[in-house]
Amino acid sequence: MWESPRPSIKPQFAPRPHNDVYPFIHPNKFRGALLDKVTIITGSAGAIGQALAESFAVAGAKLVLTYNNTPPPTTLKERCANLGASDVIFIKCNVAELKGCEDLLKQASVHFS
C-alpha cells in the first residue's frame, strides 16, 4: 500500500501500476514488417537501445547495433536472433563525429551488400 511522505496530505488518486500491452503497439502486430530492411540503433549498450533492438528484431530487421565505449552484452545478439532478426552486428562508433558516422555506414553497407 502506498503511503504519502507527508501523512497529513492525502493523494487525490491512489497510484496503481499498469502492465497492459495495448493492441495498437503490441510487438506481434509488427512481426515481419521489416524483413530485408537494415536498422541502425545507436546506444545499444543501454537499456533503451537494447529494448529497441529487441523490438526491431521482432519486426525481422537486420540490425546494426552501435556503441561508443561500453559494448552491449553478448547475449543481445542471441536474443535478437531468437526474436526474428536475420542478422545482427555490433559496430563501435562515435556518432557525435562525422567521420564516425561515415565509417559506420561504410561498414554496414559492406556487411549487408
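The face of helix α3 (residues 98-112) turned away from its buried side carries the exposed residues L98, K99, K106 and V110. Exposed means over 50% relative accessible area, buried under 20%, and partly exposed in between, with a 1.4 Å probe and protein chains only. This is a predicted model, in which local features need pLDDT of at least 70 and side-chain atom pairs count only at pLDDT 80 or more, while totals for chains, interfaces and linings use all residues. Residues are numbered from 1 along each chain as its sequence is written, and side-chain values use heavy atoms, with hydrogens and water left out.

## Helix α3

The buried residues in α3 are G100, L104, A108 and F112. Seen down the axis of α3, they fall within an arc of 80°, so they line one face of the helix. The arc is that of the directions from the helix axis to the C-beta atoms. An α-helix has 3.6 residues a turn, so residues three or four places apart point the same way.

What lies over that buried face? The cover of the buried residues of α3 includes β1, β2 and β3. Contact here means heavy atoms within 4.5 Å. The helix lies across these strands and runs at about 150° to β2. Axes are lines fitted to C-alpha atoms, for helices over the stretch in contact, and angles run from 0 to 180 degrees between N-to-C directions. Helices (H or I, at least four residues) and strands (E, at least two) are DSSP runs, numbered from the N terminus.

L104 sits in helix α3. Its relative accessibility is 5%, so L104 counts as buried. Leaving aside residues up to four places away in sequence, L104 touches I40, V64, T66, I91 and C93. The C-alpha atoms of L104 and N94 are separated by 9.0 Å, and the two residues are ten apart along the chain.

## The sheet

Three strands form an open sheet in the order β1-β2-β3, with parallel pairing. β1 (38-41) and β3 (88-92) stand at the edges with a single partner strand each, so one side of each is left without a neighbour in the sheet. From one strand to the next, the twist averages 20°. Two strands pair if DSSP finds at least two bridges between them. Strand β2 (residues 62-67) pairs with β3 in the parallel sense over five bridges. L65 has F90 in β3 as its bridge partner.

T39 belongs to strand β1. At 12% relative accessibility, T39 is buried. Its contacts, not counting residues up to four places away in sequence, are L34, F56, A61, K62, L63 and V64.

## Helix α1

Helix α1 (residues 47-58) also packs on the sheet, where it touches β1 and β2. Its direction makes about 170° with that of β1. The buried residues in α1 are G49, Q50, A53, A57 and V58. They pack against β1, β2 and α2. Just after α1, G60 takes a positive phi of about 90°.

Both α1 and α3 can be checked for length. The expected span of a helix is 1.5 Å times one less than its number of residues.

| Helix | Residues | Expected span | End C-alpha separation |
|---|---|---|---|
| α1 | twelve residues | 16 Å | 17 Å |
| α3 | 15 residues | 21 Å | 21 Å |

The separation agrees with the expected span for α1. It agrees for α3 as well.

## Salt bridges

How many salt bridges does a search of the whole structure find? It finds two. A salt bridge is a side-chain nitrogen of Lys or Arg within 4 Å of a carboxyl oxygen of Asp or Glu.

One joins the side chains of R79 and E54, at 2.7 Å from N to O. This pair links distant parts of the chain, with R79 in helix α2 (residues 75-83) and E54 in helix α1, 25 residues apart. R79 is partly exposed, at 30% relative accessible area. E54 is partly exposed too, at 24%.

D103 forms a salt bridge with K99, and their closest N and O atoms are 3.2 Å apart. D103 and K99 are four residues apart in helix α3, so about one helical turn separates them. D103 is partly exposed, with a relative accessible area of 27%. K99 counts as exposed, at 51% relative accessibility. K99 is one of the residues on the face of α3 turned away from its buried side.
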